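Q: I'd like a close look at a single part of this model, please. Could you take me through one helix and its surroundings at an easy pace?

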Amino acid sequence: MTLPEDTILSVRDLRTWFKAKRSTAKAVDGVTFDLKRGQTLAVVGESGSGKSVTSLSIMGLLAKPGAIESGEILFRDRTGSVHDLARFAPRQFRALRGREIAMIFQEPMTSLNPLYTVGDQIGEMIALHEPVSRAEARKRALDMLRHVEIPDAASRLDDYPHQMSGGMRQRVMIAMALACSPSLLIADEPTTALDVTIQAQILDLLRRLQAQFGMSILFVTHNLGVVAEIAHEVVVMYAGRVVEQAPVLDLFAHQAHPYTRGLLACTPDAERDLCADGARRALYSIPGSVPPITALPPGCAFEPRCAYRIPACTEALPPLVRVGANTVSRCIRSHEI
Ligand SMILES: Nc1ncnc2c1ncn2[C@@H]1O[C@H](COP(=O)(O)OP(=O)(O)OP(=O)(O)O)[C@@H](O)[C@H]1O
């Protein structure tokens with residue numbers, strides 16, 4: 001298994017399907033991307049596009065009947081060894097999760113136990129992977145609370161999660177995720193439930209922690225505003241497939257796929273949306289909805305909603321092709337739009 005030195009994660013032609021008696025939901029269908037060491041790659045798309053199933057596949061947390069059908073998930077651990085997580089057994093994942101790869105979610109209470117103090121939970125996470133004494137675990141937990149900038153950390157160590165605000169709980173979850181200095185952090189919509197000020201603070205914190213700890217981040221979100229804040233590289237998913245990938249500045253400067261263009265038009269922008277007379281322009285929304293992944297058309301899955309569609313779009317699935325120095329797009333008209 002070969003992986004370029006600067007790459008920590010390489011997802012190659014990944015297919016994760018949910019097979020039922022009558023139909024197969026191809027939630028992830030041939031997804032490929034690379035995440036460079038120390039960088040943030042954002043996976044963006046509407047609800048149901050396969051973002052979470054991609055991250056759960058990487059973490060080995062798929063619920064049945066979900067299973068990896070084919071493809072590779074190459075991951076470089078801190079010793080430099082490369083593993084194919086698509087072929088990992090549950091026992092191997094248990095040794096890896098928390099220590100090498102950690103995950104944070106939208107809802108902190110999915111990770112936090114309401115019955116234990118935050119200090120005990122962070123300490124427990126450290127003790128699970130490292131031979132530390134109780135006192136040492138407690139000291140490390142306190143250090144982590146300081147790293148995530150919880151004010152007056154020493155007095156919050158013995159708080160229960162319910163004694164903290166949503167933003168603080170999110171910080172505790174980040175502290176727990178980073179307690180063993182994982183090299184990869186998977187963040188699935190971690191700021192979606194927060195109000196905008198707290199959201200900005202958490203994104204800022206993640207950026208600072210990334211610079212400090214040097215971890216790579218796979219950031220799953222439906223929000224292009226958040227992508228602009230945090231990502232180096234962006235993967236746009238639609239109906240289980242990658243439709244565009246580009247460095248963040250390139251993607252915001254020019255969208256090669258009509259779906260990306262539509263997503264961007266749906267993102268509120270005060271300057272663009274406010275008219276000279278103070279009225280607000282109606283926010284654009286992409287017409288139609290994501291087709292059911294159990295019954296995708298043979299051609300481009302976005303074609304029924306696309307303003308650029310031509311008859312050829314329905315004939316075959318467009319391949320992902322290079323359309324710029326660092327951009328790939330799955331649209332036969334990318335060069336014209
Ligand atoms: N347990 C399951 N059984 C069958 N299909 C599933 C299951 N879990 C997910 N799927 C399918 O996988 C598709 C992708 O889901 P996924 O949660 O990855 O989307 P998403 O892009 O993360 O959306 P959201 O932002 O709403 O979480 C969905 O359309 C859903 O139909």
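What covers the buried residues of α4?

A: Happy to walk through this with you. Please keep in mind that the model is a predicted one. The cover over the buried residues of α4 includes α3 (118-129), α5 (153-156) and α6 (166-178).

Let us begin with the helix itself. Helix α4 takes in residues 134-147, and its 14 residues should span 20 Å at 1.5 Å a residue. The end C-alpha atoms of α4 are 20 Å apart, which agrees with that expectation. The buried residues of α4 are Ala137, Arg140, Ala141, Met144 and Leu145. These five cover an arc of only 145° around the axis, so they lie on the same side of α4. Just past the end of α4, glutamate 149 adopts a positive phi of about 60°.

Now for one of the helices in that cover. In α3 there are 12 residues, and at 1.5 Å a residue they should span 16 Å; the end C-alpha atoms are 18 Å apart, which agrees. Buried in α3 are Val118, Gly119, Gln121, Ile122, Gly123, Met125 and Ile126. The packing partners of these buried residues are α4, α5 and α6. Seen from the other side, α3 is in turn part of what covers the buried residues of α4.

From α6 we can move on to leucine 194. This leucine sits in the loop between β7 (184-188) and α7 (196-213). Setting aside residues up to four places away in sequence, leucine 194 touches Gly166, Gly167, Gln170, Gln199 and Ile202. Leucine 194 counts as partly exposed because 18 other C-beta atoms lie within 10 Å, where 20 or more would make a residue buried. Its C-alpha atom is 8.8 Å from that of glutamine 106, although the two residues are 88 apart in sequence.

Leucine 224 makes a useful comparison. Leucine 224 belongs to helix α8 (residues 224-230). With 23 other C-beta atoms within 10 Å, leucine 224 is buried. Beyond its neighbours within four places in sequence, leucine 224 has contacts with Val44, Leu263, Leu264 and Thr267. As for leucine 264, the C-alpha to C-alpha distance to leucine 224 is 6.8 Å, with their positions 40 residues apart in sequence.

For the exposed case, look at alanine 20, in the loop between β1 (7-19) and β2. Alanine 20 has 10 C-beta neighbours inside 10 Å and therefore counts as exposed. Its C-alpha atom is separated by 39 Å from that of proline 268, which is 248 residues away along the chain.

The ligand brings β2 back into view. There are 15 residues around the ligand, and those that come nearest are Phe18, Ala27, Ser47, Ser52 and Val53. Two elements, β2 (24-36) and α1 (51-59), give two or more residues to this shell. The largest share, three residues, comes from α1. By type, the shell holds six nonpolar, eight polar and one charged residue.

Finally, the wider setting. An unreviewed UniProt entry annotates residues 9-264 as "domain: ABC transporter". In this model, that span is 38% helix and 28% strand, and its end C-alpha atoms lie 27 Å apart.

Technical notes: Residues are numbered from 1 along each chain as its sequence is written. This is a predicted model: local features need pLDDT of at least 70, side-chain atom pairs count only at pLDDT 80 or more; totals for chains, interfaces and linings use all residues. Helices (H or I, at least four residues) and strands (E, at least two) are DSSP runs, numbered from the N terminus. The expected span of a helix is 1.5 Å times one less than its number of residues. A residue is buried if 20 or more other C-beta atoms lie within 10 Å of its own, exposed if 12 or fewer, and partly exposed in between; C-beta atoms are placed from the backbone. The arc is that of the directions from the helix axis to the C-beta atoms. Two residues are in contact if their C-beta atoms, placed from the backbone, lie within 7 Å. A residue is near a molecule or strand if its C-beta atom, placed from the backbone, lies within 6 Å of it. Ala, Val, Leu, Ile, Met, Phe, Trp, Tyr, Cys and Pro count as nonpolar, Asp, Glu, Lys and Arg as charged, and the others, Gly among them, as polar. UniProt positions are given in the numbering used here, feature names are shortened, and annotations may be inferred rather than shown by experiment.
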